[in-house]
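Hello,

Here is the structure I promised to pass on to you. Please have it open while you read, as my notes follow below.

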Amino acid sequence: FSTSYSSVELPTTGFADGPRLDFGRAHTFTLVTVGAMEDIRKAQDVVIAAVATCVRRGLDIQLLLAGDGGYRSFFMSLARGLGVLPRTTFLGHVPLHDLRAYLDQADVFVLPSRGEGLPRAMIEAMARGLPAIGSRVGGFPELLPSEDLVPPGDVDTLVRKLQEVLSSPERMVRMSARNFKKAHEYAEDVLHARRFEFYTYLKERTDAWLRTR
């Protein structure tokens with residue numbers, strides 16, 4: 001017997017009504033990334049640089065950054081230097097309820113972290129039906145297929161991935177449906193059932209062992 005369950009679990013209110021079907025209204029795409037700004041582990045600098053390149057290549061992108069910390073001024077300076085500060089909104093620390101509203105406004109969630117465990121922010125975005133791009137570190141490969149992953153710290157590959165995704169509404173619809181389905185593996189009721197199964201099995205085996213003593 002074996003089982004597994006995550007310490008990341010989402011309440012019913014964390015899920016959208018269903019996958020997304022419409023993206024890039026008025027041909028403008030909104031990207032969102034979420035992460036503390038105490039260092040560069042969440043790779044906001046990579047996202048900003050990739051957006052700047054995509055804009056130079058003709059994509060109309062707005063970027064939302066949720067999170068705060070000592071590196072916020074660094075990221076703002078980077079956006080200013082790359083000419084995308086007018087397209088970049090620094091949201092600061094956002095309560096979860098308000099964050100869901102921002103996720104619902106976005107077209108793609110981007111989190112190309114340099115280091116990660118199992119990224120709760122990614123799962124929360126997937127539960128809102130967002131197409132998502134992550135990096136090949138930590139728990140990302142458990143959540144996303146290889147085609148939606150990029151090497152950590154690789155701006156050029158992220159640019160190519162964004163161009164691929166944003167140029168294909170059909171792909172974004174597929175990503176949304178897949179992510180929405182995957183996120184349900186982290187729903188409270190699913191994880192509670194797994195825990196109950198494990199503890200029931202443990203109790204039954206323990207009782208059987210005690211009867212043999």
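In what follows, two residues are in contact when heavy atoms of theirs lie within 4.5 Å. Please keep in mind that this is a predicted model.

I began with R128, which sits in the loop that leads from α4 (120-127) to β5 (132-135). Setting aside neighbours within four places in sequence, R128 is in contact with T13, G14, F15, A16, R20, R100, L103 and D104. Its relative accessible area is 10%; the cut-off for buried is under 20%, so R128 counts as buried.

One of those contacts deserves a second look. R128 and D104 form a salt bridge, and their closest N and O atoms are 2.9 Å apart. Because D104 belongs to helix α3 (residues 96-105) and R128 to the loop between α4 and β5, the pair ties together parts that are 24 residues apart in sequence. D104, unlike its buried partner, is partly exposed at 36% relative accessibility.

Next, the strands around that loop. β4 (residues 108-111) has V108 and V110 pointing one way and F109 and L111 the other, and all of them are buried. That fits the usual pattern, as side chains in a regular strand alternate between the two faces of the sheet. Strand β1 (residues 29-34) runs parallel to β4 and is joined to it by two bridges, with L31 opposite V108. β4 also pairs with β5, again in the parallel sense, over three bridges; here V110 stands opposite I133. From β4 the chain crosses through α4 to β5, a β-α-β crossover that is right-handed.

How many salt bridges does a search of the whole structure find? There are 14. Besides the R128 pair, I would point you to a network of salt bridges that links E147, D148, K161, E164, R171 and R178. Within this group, the side chains of E147 and R178 meet at 4.0 Å, N to O. E147 lies in the loop between α5 (140-143) and β6 (149-150) and R178 in helix α7 (residues 169-183), so this pair ties together parts that are 31 residues apart in sequence. E147 is partly exposed at 42% relative accessibility, and R178 is also partly exposed, at 31%.

Another salt bridge in the network joins E164 and R171, at 3.1 Å from N to O. E164 is partly exposed at 38% relative accessibility, whereas R171 is buried at 11%.

Happy to talk it through whenever suits you.

Best wishes

Conventions: Residues are numbered from 1 along each chain as its sequence is written. This is a predicted model: local features need pLDDT of at least 70, side-chain atom pairs count only at pLDDT 80 or more; totals for chains, interfaces and linings use all residues. Side-chain values use heavy atoms; hydrogens and water are left out. Helices (H or I, at least four residues) and strands (E, at least two) are DSSP runs, numbered from the N terminus. Buried means under 20% relative accessible area, exposed over 50%, partly exposed in between (1.4 Å probe, protein chains only). Two strands pair if DSSP finds at least two bridges between them. A crossover is right-handed if, with the strands pointing away from the viewer, the path from the first strand over the helix to the second runs clockwise.
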